[in-house]
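Here is a short briefing for a reader who is new to this structure. Take a look at the model first, then read on by topic.

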Amino acid sequence: MVQAESKTLGRYEPVIGLEVHVQLATRSKLFCPCPAQFGAEPNLNTCPVCLGLPGSLPVLNQEALRMAVKAGLALNCRVAERFKFDRKNYFYPDLPKAYQISQFNKPVNGRGFLTVELKDGPKKIGITRAHLEEDAGKLLHEGVKDGSLVDYNRAGVPLLEIVSEPEIFTTEEAYQYLTTLKAILQYLEVSDCDMEKGSLRCDANISIRPRGEKKLGTKVEIKNMNSFRAVERALQFEIERQTGVLTEGGRLTQETRLWNESRGETFSMRSKEYAHDYRYFPEPDLVPFTLSRAEVEAIRRTLPELPNERIQRLVKDYGISEYDSARLVQEKAVAEYYEASVKEGVSAKLAANWILSELLGHLKEAGTAIQGSKVSAQSLAGLIRLIENNTISGKIAKDVLPEMLATGKSAEAVVKEKGLVQVTDVKLIETVVLKIIQANPKGVEDFRSGKKQAAGFLVGQVMKETQGKANPKLVNEILEKKLAK
Ligand SMILES: [Zn+2]
């Protein structure tokens with residue numbers, strides 16, 4: 001990101017817009033009672049409505065509507081008093097009706113915004129709309145000799161499409177927009193936002209313009225990004241590619257490009273000249289809907305504490321930094337874990353440090369979610385308590401945690417088994433300190449001639465001799481006293 005900005009970006013500025021599709025966590029589909037869950041036998045979750053059989057009629061799922069409004073309110077959108085559905089026509093085998101029921105010019109949620117935390121402070125990014133639509137089926141090509149198979153389980157599953165304004169100007173802003181949006185939707189419990197299962201998908205569009213120019217440049221759409229990091233990388237690649245073309249005096253074409261994760265580049269899929277004309281028209285099988293302000297206010301009262309509110313509360317209640325708080329709050333499960341560990345009565349700052357800099361790192365390495373961790377919040381608090389009461393040093397604790405994660409044992413059990421209890425016996429430490437002083441005359445001489453780093457060396461030797469178990473604070477004190485003589 002920083003690299004490209006230094007190279008070619010000086011004269012140019014990228015303008016980015018993001019389109020996010022999330023699957024709403026309803027039990028049934030958007031317009032029929034079929035189950036909306038992922039992972040069933042192919043074509044099991046289908047009926048005449050979602051297969052588009054003649055004579056069948058769609059009925060709007062009220063739970064999907066409630067979830068859409070919840071998301072709209074959390075994203076500060078203007079929730080429509082009157083909204084309608086439209087048919088988006090295109091022919092593709094994964095679409096049984098040959099049209100998708102979507103919302104064109106009267107979406108349920110209009111203009112809104114969300115606030116992202118950037119390194120330089122918060123920034124508001126506009127939301128154009130957040131509308132309801134049904135998903136398409138899925139084509140299967142694997143293990144099929146001639147042609148493809150189609151699974152309509154996903155056809156008709158409710159999606160909320162959230163479109164941002166072209167107000168994103170760096171890859172960092174794009175990444176933060178996505179993580180913030182995901183956190184809000186997870187807190188609302190309207191989607192699990194699992195990118196691997198496809199319940200959150202993101203497309204981006206990006207154009208480059210000379211800095212100071214108001215008009216947008218030629219827009220390129222990017223698809224096929226499977227993680228937020230991939231979105232960031234794909235945008236970065238496009239920024240460099242597009243500025244390169246412009247710097248060399250070339251022209252950009254309006255097109256759709258696919259991201260290739262393993263090659264780390266985008267390639268052209270189709271130029272916009274061949275783009276579909278979707279021939280949108282009002283869905284005649286669904287009359288326009290009205291939403292009274294009282295209904296909207298009733299939904300507003302069900303909104304839970306949202307990520308931004310929680311960030312502020314943790315700062316206020318626990319005295320941790322806004323930066324740490326934001327990192328803890330990003331995943332709801334991590335925030336819950338943090339608060340549960342602090343409830344055990346350990347230092348809120350230590351708990352934040354241990355979760356952010358140790359626990360999450362180990363879990364990420366093992367590919368485990370915090371919910372699946374063998375170390376519960378109470379168990380982590382147990383480890384922190386041992387540091388607080390000087391049973392073990394922080395350094396030893398770093399070796400204890402992986403053992404706890406692997407075995408599910410308590411910190412106390414691991415410390416006892418491995419004989420890791422910290423040495424706080426002054427007499428014993430004195431003996432070791434004297435031994436080290438005798439064995440390292442050079443170090444002692446260096447220290448006395450004013451080389452402060454020599455003390456660090458001597459402390460290190462004492463720690464080594466005690467296999468890291470000596471209380472570092474005591475070692476420092478005793479060493480200083482002995483060297484002063
Ligand atoms: Zn159905």
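Asn 224 counts as partly exposed because 16 other C-beta atoms lie within 10 Å, which is fewer than the 20 needed for a buried residue and more than the 12 that would still count as exposed. This residue sits in strand 11, residues 220-225. Its backbone is worth a look: Asn 224 has a positive phi of about 70 degrees, although it is not a glycine. The model is a predicted one.

**Confidence**
- The chain has a mean pLDDT of 92. A value of 70 or more is reached by 97% of its residues.
- Residues 1-7 are another matter: their pLDDT is below 50. This stretch has eight contacts in the model beyond near neighbours in sequence.

**Positive phi in a loop**
- Most residues other than glycine have a negative phi.
- Arg 279 is not a glycine, yet has a positive phi of about 45 degrees.
- Arg 279 belongs to the loop that runs between strand 13 (265-271) and strand 14 (281-282).
- Is Arg 279 buried or exposed? Arg 279 counts as exposed, because it has 10 C-beta neighbours inside 10 Å.
- Arg 279 and Leu 95 are 184 residues apart along the chain. Their C-alpha atoms are separated by 16 Å.

**Domains**
- The domain assignment gives domain 1 (2-298), domain 2 (307-418) and domain 3 (426-484).
- The C-alpha centres of domain 1 and domain 2 are 35 Å apart.
- Where they meet, seven residues of domain 1 are in contact with six residues of domain 2.
- Which elements give two or more residues to the domain 1 side? They are strand 5 (112-118) and helix 3 (171-188).
- Helix 3 provides the largest share of that side, with five residues.
- By class, the domain 1 side has three nonpolar, three polar and one charged residues.

**Leu 291 and its surroundings**
- Leu 291 is placed in the loop between strand 15 (289-290) and helix 5 (293-300).
- Leu 291 counts as partly exposed, because it has 16 C-beta neighbours inside 10 Å.
- Leaving out residues up to four places away in sequence, Leu 291 touches Val 79, Ala 80, Glu 81 and Val 296.
- Val 69 is 222 residues from Leu 291 along the chain. The C-alpha atoms of the two are separated by 9.9 Å.

**Helix 6**
- Helix 6 covers residues 307-318. At 1.5 Å a residue, its 12 residues should span 16 Å, and this agrees with the 16 Å between its end C-alpha atoms.
- Its buried residues are Pro 307, Asn 308, Arg 310, Ile 311 and Leu 314.
- Why do they share a side of helix 6? They cover an arc of only 165 degrees around the axis, so they lie on the same side.
- An α-helix has 3.6 residues a turn, so residues three or four places apart point the same way.
- Lys 316 and Asp 317 are exposed on the other side of helix 6.
- The buried residues of helix 6 pack against strand 5, helix 3, helix 7 (322-329) and helix 8 (332-342).
- Gly 319, just after helix 6, takes a positive phi of about 70 degrees.

**Helix 7**
- Helix 7 is largely enclosed by the rest of the structure, because six of its eight residues are buried.
- Those buried residues are Asp 324, Ser 325, Ala 326, Arg 327, Leu 328 and Val 329.
- They pack against strand 5, helix 3, helix 6, helix 8 and helix 9.

**Helix 11**
- Helix 11 takes in residues 394-407. Its 14 residues should span 20 Å at 1.5 Å a residue, and its end C-alpha atoms are indeed 20 Å apart.
- Buried in helix 11 are Ala 397, Val 400, Leu 401, Met 404 and Leu 405.
- What covers these buried residues? The cover includes helix 9 (348-366), helix 10 (377-388) and helix 12 (411-418).
- Just after helix 11 comes Gly 408, with a positive phi of about 80 degrees.

Terms used
Residues are numbered from 1 along each chain as its sequence is written. This is a predicted model: local features need pLDDT of at least 70, side-chain atom pairs count only at pLDDT 80 or more; totals for chains, interfaces and linings use all residues. pLDDT is the predictor's confidence in each residue, from 0 to 100. Two residues are in contact if their C-beta atoms, placed from the backbone, lie within 7 Å. Domain bounds come from an automatic or database domain assignment. Helices (H or I, at least four residues) and strands (E, at least two) are DSSP runs, numbered from the N terminus. Ala, Val, Leu, Ile, Met, Phe, Trp, Tyr, Cys and Pro count as nonpolar, Asp, Glu, Lys and Arg as charged, and the others, Gly among them, as polar. The expected span of a helix is 1.5 Å times one less than its number of residues. The arc is that of the directions from the helix axis to the C-beta atoms.
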